[in-house]
Amino acid sequence: AELQALVTTAATRQSQFLVDRRRYAESLETLGMSVPASLASRYAVAIAANNDAAPRYTITATALGSQAHDKCPTLTVDNAGNRTPAGCW
């Protein structure tokens, strides 16, 4: 739940970032965020932004270490609101 909240907050901030700057941020740091210590050893969170004529992004959270064996080792959300895998949200 904490990881889902982090990714959802990042997606919300991306929407505002686009309104303010006409592009998407390319990192959590640019959004004024970081992975909390409680998650940092268990998940890596990355943003892939493409700011061409049709700006878009994908935020990916990837499980690390023993978390990689969880039911949902990777969660993603994109600028269209698509959340995958569907059964993990």
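Here are some friendly notes on this predicted model, point by point.

1. **Ground rules.** The model is predicted, so residues enter local features at pLDDT of at least 70 and side-chain atom pairs count only at pLDDT 80 or more, while totals for chains, interfaces and linings use all residues. Numbering starts from 1 along each chain as its sequence is written, and side-chain values use heavy atoms, with hydrogens and water left out.

2. **The sheet.** Four strands are worth tracing together: 4 strands form an open sheet in the order β1-β2-β3-β4, with antiparallel pairing. Strands here are DSSP runs of E with at least two residues, and helices are runs of H or I with at least four, both numbered from the N terminus. Two strands pair if DSSP finds at least two bridges between them. β1 and β4 are the edge strands, each pairing on one side only.

3. **β1 with β2.** These antiparallel strands are joined by 8 bridges, and they form a hairpin with 5 residues between them. Ala 48 stands opposite Thr 58 in β2.

4. **The two faces of β2.** Which β2 side chains are buried, and which are not? Tyr 57, Ile 59, Ala 61 and Ala 63 point to one face and are buried, whereas Arg 56, Thr 58, Thr 60 and Thr 62 point to the other and are not. Buried means under 20% relative accessible area, exposed over 50%, and partly exposed in between, with a 1.4 Å probe and protein chains only.

5. **β3 and its neighbours.** β2 and β3 run antiparallel and share 5 bridges. Ala 61 has Leu 75 of β3 as its bridge partner, and Thr 62 stands opposite Thr 74 in β3. On the way to β4 (residues 83–84), 2 bridges join the antiparallel strands, and Thr 76 has Thr 84 as its bridge partner there. β3 and β4 make a hairpin with 4 residues between them, and Gly 81 in the turn has a positive phi of about 90°. β3 is mostly covered, with 4 of its 5 residues buried.

6. **The core.** The largest nonpolar core (buried Ala, Val, Leu, Ile, Met, Phe, Trp, Tyr and Cys residues joined through side-chain atoms within 4.5 Å) has 23 residues, of which Leu 3, Leu 31, Val 45 and Ile 59 touch the most other members. At least two residues of this core come from each of α1 (2–21), β1 (43–50), β2 (56–63) and β3 (74–78). α1 gives the most, with 6 residues. Leaving aside residues up to four places away in sequence, Val 45 touches Leu 3, Leu 6, Leu 28, Val 35, Ile 59, Thr 60 and Ala 61; contact means heavy atoms within 4.5 Å.

7. **The disulfide.** By the rule that a disulfide is a pair of cysteine sulfur atoms within 2.5 Å, the count comes to 1. Cys 72 is joined to Cys 88, with S to S 1.5 Å. The pair ties together parts that are 16 residues apart in sequence, because Cys 72 lies in the loop between β2 and β3 and Cys 88 in the segment after β4. The torsion about their S-S bond is about -70°, so the disulfide is left-handed. Both Cys 72 and Cys 88 are buried.

8. **The largest pocket.** What lines the largest pocket? Ala 1, Glu 2, Leu 3, Gln 4, Leu 39, Arg 42, Tyr 43, Asp 70, Cys 72, Leu 75 and Cys 88 do, and α1 gives the most to the lining, with 3 residues.

Methods: 1 Å grid on protein atoms, 1.4 Å probe; cavity = no way out; pocket = protein on both sides within 12 Å on 5 of 7 lines; lining within 4 Å.
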